[in-house]
Amino acid sequence: MKSKKGKGIFLLFFIVAVSCANAQSPIKITLLGTGAPVPSIERFGPSILVEAGGQKLLFDCGRGAAQRLWQLKIPLGQIDALFLTHLHSDHIVGIPDVWLTGWIPAVYGRRVSPFQVFGPDGTRTMMANLVEAFSWDINTRSKEKNKADSGVFVNATDIKEGFIWESKGIKVTPFTVRHSDIIDSALGYRIDYGGHSVILSGDTRYSENLIKHAKGADVVIHEVAAAQADSVRNSPLVKQILGFHTSPEDAGKVFAQIKPRLAVYSHIVLLTSDPSIPPPAISELAVRTQKTYGGPLQIGEDLLTIEIGDKVKVSRYTPTGNKGSEGIR
Ligand SMILES: [Zn+2]
């Protein structure tokens, strides 16, 4: 009798704990990598984890995505789907690691169902070529496992604006953004869940289409690029790269029109033409953004977490868990 009562109380506590967690944080976003192609140890390649409705979705898979996931003690095999913004190498070089290390039957892997990948034109072909490139590993490990194992299979789908992915209450809506004159397939994403939403810009110049799709969004996570004036003057390459991205002033104009509860920078591109000219300080991004936008802005860093619920809560990573709240809005 006594033990039954104890069990009942435990179950009630569990239900309350779960429903509170859902009520407080319908969407949890972790910036796995906030960097650019620079092989930096502080900022890994672009990759963002979105958790909602018990699912884990990855957006882009740059350098170090696997390490960051495991830093969070998330087995790589638990990623339900990967969405790609475009196929530039800095956004995709982490794919073989998450896919194949995620298939290893150790505690950090254990994928048992096919790896789901969605991305713009070329995604299917790229994934088919990766299967070919890693065929020795796939064949050898398959023989070692000596059983049918779908965890290494890949289901890749080319998508564009108009496609919608829905599962367990999460809705993922891709939209076209403008990365350069010769790239017309780059995508941004809107993720809706539980009456809340987040926008991921992908790589883009100032985009009216992004603003259109971001109506009512709680949080906008946008790329940004900057260089010192001397670097822009000295280097046609720096000028060209800046032309593929969004300046802090233009990002501010985007945020000012959407009016999110929080704007966040990730995929931070700080350029220089010459070692004698330092790239802009990270603090300059906020100063330049404030010329066109007076709302809340968070400069992203690897493993920063943003929880969207009744409040928008930002937490920095600590090795014992995400604590040390940066701010609650
Ligand atoms: Zn790019």
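## Contacts around Ser231

Two residues are taken to be in contact if their C-beta atoms, placed from the backbone, lie within 7 Å. In this predicted model, and leaving aside residues up to four places away in sequence, Ser231 touches Val238, Leu271, Thr272, Ser273 and Ile277. Ser231 lies in helix α7, which spans residues 229-234, and it counts as buried because it has 22 C-beta neighbours inside 10 Å, where 20 or more are needed. The C-alpha atoms of Ser231 and Pro279 are separated by 8.3 Å, although these residues stand 48 residues apart along the chain.

## Overall composition

The chain has 329 residues, of which 44% are buried, and its secondary structure comes to 10 helices and 16 strands. Among contacts between residues at least 6 apart in sequence, 64% join residues at least 24 apart.

## The largest nonpolar core

The largest nonpolar core holds 78 residues, and those that touch the most other members are Ile48, Val50, Val198, Val219, Val220 and Ile306. Strand β12, residues 262-271, gives the largest share of this core, with 8 residues.

For Val220, the contacts can be listed individually: not counting residues up to four places away in sequence, Val220 touches Ile199, Ala214, Phe255, Ile258, Pro260 and Ala263. Of these partners, Phe255 and Ile258 are among the buried residues of helix α9, and Val220 itself is one of the residues with the most contacts to other core members.

## Helix α9 and its surroundings

The buried residues of α9 are Pro248, Asp250, Ala251, Gly252, Val254, Phe255 and Ile258. They pack against four elements, namely α6 (208-213), β11 (219-227), β12 and α10. Just after α9 comes Lys259, whose phi is positive, near 55 degrees.

## The crossing of α9 and α10

Two packed helices are described by the angle between their axes and the distance between the axes. The axes of α9 (residues 248-258) and α10 (residues 282-289) come within 8 Å and cross at roughly 50 degrees, which means that α9 is oblique to α10. The crossing of the two helices is right-handed.

On the α9 side, Pro248, Glu249, Ala251 and Gly252 take part in the contact, and they meet Leu285, Arg288 and Thr289 of α10. Sorted by class, this contact has 3 nonpolar, 2 polar and 2 charged residues. Pro248, Ala251 and Gly252 also appear among the buried residues of α9.

## Positive phi values in two loops

Most residues other than glycine have a negative phi. Asp60 has a positive value, near 65 degrees, and is placed in the loop between β3 (55-59) and α2 (65-71). Despite this loop position, Asp60 is buried, since 29 other C-beta atoms lie within 10 Å of its own.

Leu303 likewise has a positive phi, near 75 degrees, and is not a glycine; its place is in the loop between β13 (297-299) and β14 (305-308). Leu303 counts as buried because it has 20 C-beta neighbours inside 10 Å, a number that meets the cut-off of 20 or more.

Methods. Residues numbered from 1 in each chain as written. Predicted model: local features only at pLDDT ≥ 70, side-chain atom pairs only at ≥ 80, totals over all residues. Axes fitted to C-alpha atoms, helices over the stretch in contact; angles between N-to-C directions. Parallel < 35°, antiparallel > 145°, perpendicular 65-115°, else oblique. Left-handed = near helix turned anticlockwise from the far one by under 90°. Nonpolar A, V, L, I, M, F, W, Y, C, P; charged D, E, K, R; others polar. Buried ≥ 20, exposed ≤ 12 C-beta atoms within 10 Å, placed from the backbone. Core = buried A, V, L, I, M, F, W, Y, C linked by C-beta atoms within 7 Å.
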